[in-house]
Amino acid sequence: QLACPLDLGCHSVKRCISTTMAEHLASIFGTEKDKVNCPFYFKIGACRHGDRCSRLHNRPPFSQTILLSRMYPNPTVGAVDPTTGQPIQYTKEYLQEHFEDFYEDIFEELSKFGEIEELNVCENVGEHMVGNVYCKFHSEEDSEKALQALAGRFYAGKPLHVEYSPVTDFREARCRQYELSECNRGGYCNFMHLLQPNREMKRRLFREQYKRLGMDKREKSRSRSPLGGGGGGGRRRTREL
């Protein structure tokens with residue numbers, strides 16, 4: 001047999017090439033260079049092409065994160081004054097209050113299933129992202145409980161559509177230009193435009209969650225701060241494989 005041409009310790013050229021190809025495919029998985037798997041679905045858990053996408057949407061069999069698609073009733077979407085036929089112009093104060101009422105309601109409901117690490121609500125208005133709510137739990141067991149409990153339930157008169165999401169690190173999913181008020185794509189941007197509740201309310205919700213779960217300060221310090229920038233690290237594998 002021929003020796004490994006790359007001096008990687010392989011016993012044959014065929015094995016060396018296979019190892020090199022596997023490493024290459026792993027390095028480009030979920031990136032624009034990956035011609036097989038959809039990078040937008042991998043990063044954002046949603047794709048504007050939907051089932052018509054030419055690349056694969058690898059739906060995870062389990063995840064820390066669940067997606068409740070089209071759940072948030074964004075007042076700016078399709079709101080038309082019946083007397084004038086013109087879009088209704090809401091004040092920023094009204095929109096923020098409307099969102100925070102929703103955020104608090106959903107946080108309290110979802111935290112019944114386990115510790116929430118992140119709760120993100122999209123302001124995007126594109127068909128594949130409008131009203132999307134992403135809830136990342138501390139463990140996959142908690143997200144599984146939530147997924148099973150929410151199946152078949154309704155919110156605001158509409159059935160909930162719940163699924164596991166591949167997104168566990170929201171740093172790559174969020175639109176940095178939007179956070180700097182520089183995104184020129186508006187609500188149709190393909191990266192997440194995340195609505196933000198006021199910091200004091202967010203602190204209160206997480207404090208109440210920790211108290212309800214009986215978590216002490218040492219346990220809380222091991223969890224990522226809910227007020228930090230970006231997402232958490234890699235997926236916590238709490239499930240036996």
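## From salt bridges to the core

Let's start on helix α6, where the side chains of Arg204 and Glu208 meet in a salt bridge, 3.5 Å from N to O. Please keep in mind throughout that this is a predicted model. Why can these two partners reach each other along the helix? Arg204 and Glu208 are four residues apart in α6, so about one helical turn separates them. How open is each of them to solvent? Arg204 has a relative accessibility of 27% and counts as partly exposed, and Glu208 is also partly exposed, with a value of 32%. Elsewhere, salt bridges with shared partners tie Asp51, Arg59 and Glu163 into one network. A search of the whole structure gives 14 salt bridges.

Now compare that helical pair with Glu117 and Lys136, whose closest N and O atoms are 3.6 Å apart in another salt bridge. This bridge links distant parts of the chain, since Glu117 belongs to strand β2 and Lys136 to strand β3, with their positions 19 residues apart. Are these charged residues buried or exposed? Glu117 has 3% relative accessibility, which is under the 20% cut-off, so this residue counts as buried. Lys136 is buried as well, with a relative accessible area of 1%.

A third bridge is worth a look while you have the charged side chains displayed. Arg174 pairs with Glu179, and their closest N and O atoms lie 2.6 Å apart. Here the two partners fall into separate classes: Arg174 is buried at 14% relative accessibility, whereas Glu179, at 44%, counts as partly exposed.

From charges we can turn to the nonpolar interior. In soluble globular proteins, nonpolar side chains tend to be buried together. In this model the largest nonpolar core holds 28 residues, and Ile66, Leu110 and Leu119 are the members that touch the most others. Several elements each give two or more residues to this core: strands β1 (65–68), β2 (116–121) and β3 (133–137), together with helices α3 (92–110), α4 (140–150) and α6 (199–213). Among them, α3 gives the most, with six residues.

To get a feel for how this core is put together, centre your view on Leu119. Once residues up to four places away in sequence are set aside, Leu119 touches Tyr103, Ile106, Phe107, Leu110, Val133, Tyr134 and Cys135. Apart from this core there is another one, made of 11 residues that include Ala46, Leu67, Met192 and Leu194.

Two of the residues that Leu119 touches, Tyr103 and Phe107, lead us on to the aromatic rings. The model contains 10 aromatic pairs. How are the rings of Tyr103 and Phe107 arranged? Their centres are 6.3 Å apart and their planes meet at 25 degrees, which is under 30 degrees, so the pair is stacked. Both residues sit in helix α3, four residues apart, or about one turn of the helix. Tyr103 is buried, with a relative accessible area of 1%, and Phe107 is buried with a value of 1% too.

Phe107 has another aromatic partner in Phe206, and this pair is edge-to-face, with 5.0 Å from centre to centre and 65 degrees between the planes. This contact links distant parts of the chain, as Phe107 is in α3 and Phe206 is in α6, 99 residues apart. Phe206 is buried, with 2% relative accessible area. Step back a little and you can pick out a single aromatic cluster formed by Tyr72, Phe99, Phe102, Tyr103, Phe107, Tyr155, Phe206 and Tyr210.

One more stop is His57, in the loop between helix α2 (39–44) and β1. With 19% relative accessibility, His57 falls under the 20% cut-off and so counts as buried. Which residues does His57 contact beyond its neighbours within four places in sequence? They are Cys38, Tyr41, Cys47 and Gly50.

Finally, a word on confidence. The chain has a mean pLDDT of 81, and 75% of its residues reach 70 or more. Over residues 17–30, though, the pLDDT is below 50, and this stretch has 12 contacts in the model beyond near neighbours in sequence. Residues 225–241 also stay under 50, with 46 contacts beyond four places in sequence. Where pLDDT is low, the predicted coordinates should not be read in detail.

Key:
Residues are numbered from 1 along each chain as its sequence is written. This is a predicted model: local features need pLDDT of at least 70, side-chain atom pairs count only at pLDDT 80 or more; totals for chains, interfaces and linings use all residues. Side-chain values use heavy atoms; hydrogens and water are left out. A nonpolar core is a set of buried Ala, Val, Leu, Ile, Met, Phe, Trp, Tyr and Cys residues joined through side-chain atoms within 4.5 Å. Buried means under 20% relative accessible area, exposed over 50%, partly exposed in between (1.4 Å probe, protein chains only). Contact means heavy atoms within 4.5 Å. A salt bridge is a side-chain nitrogen of Lys or Arg within 4 Å of a carboxyl oxygen of Asp or Glu. pLDDT is the predictor's confidence in each residue, from 0 to 100. Rings of Phe, Tyr and Trp (its six-membered ring) pair if their centres lie within 6.5 Å; planes under 30 degrees apart count as stacked, over 60 as edge-to-face and the rest as tilted.
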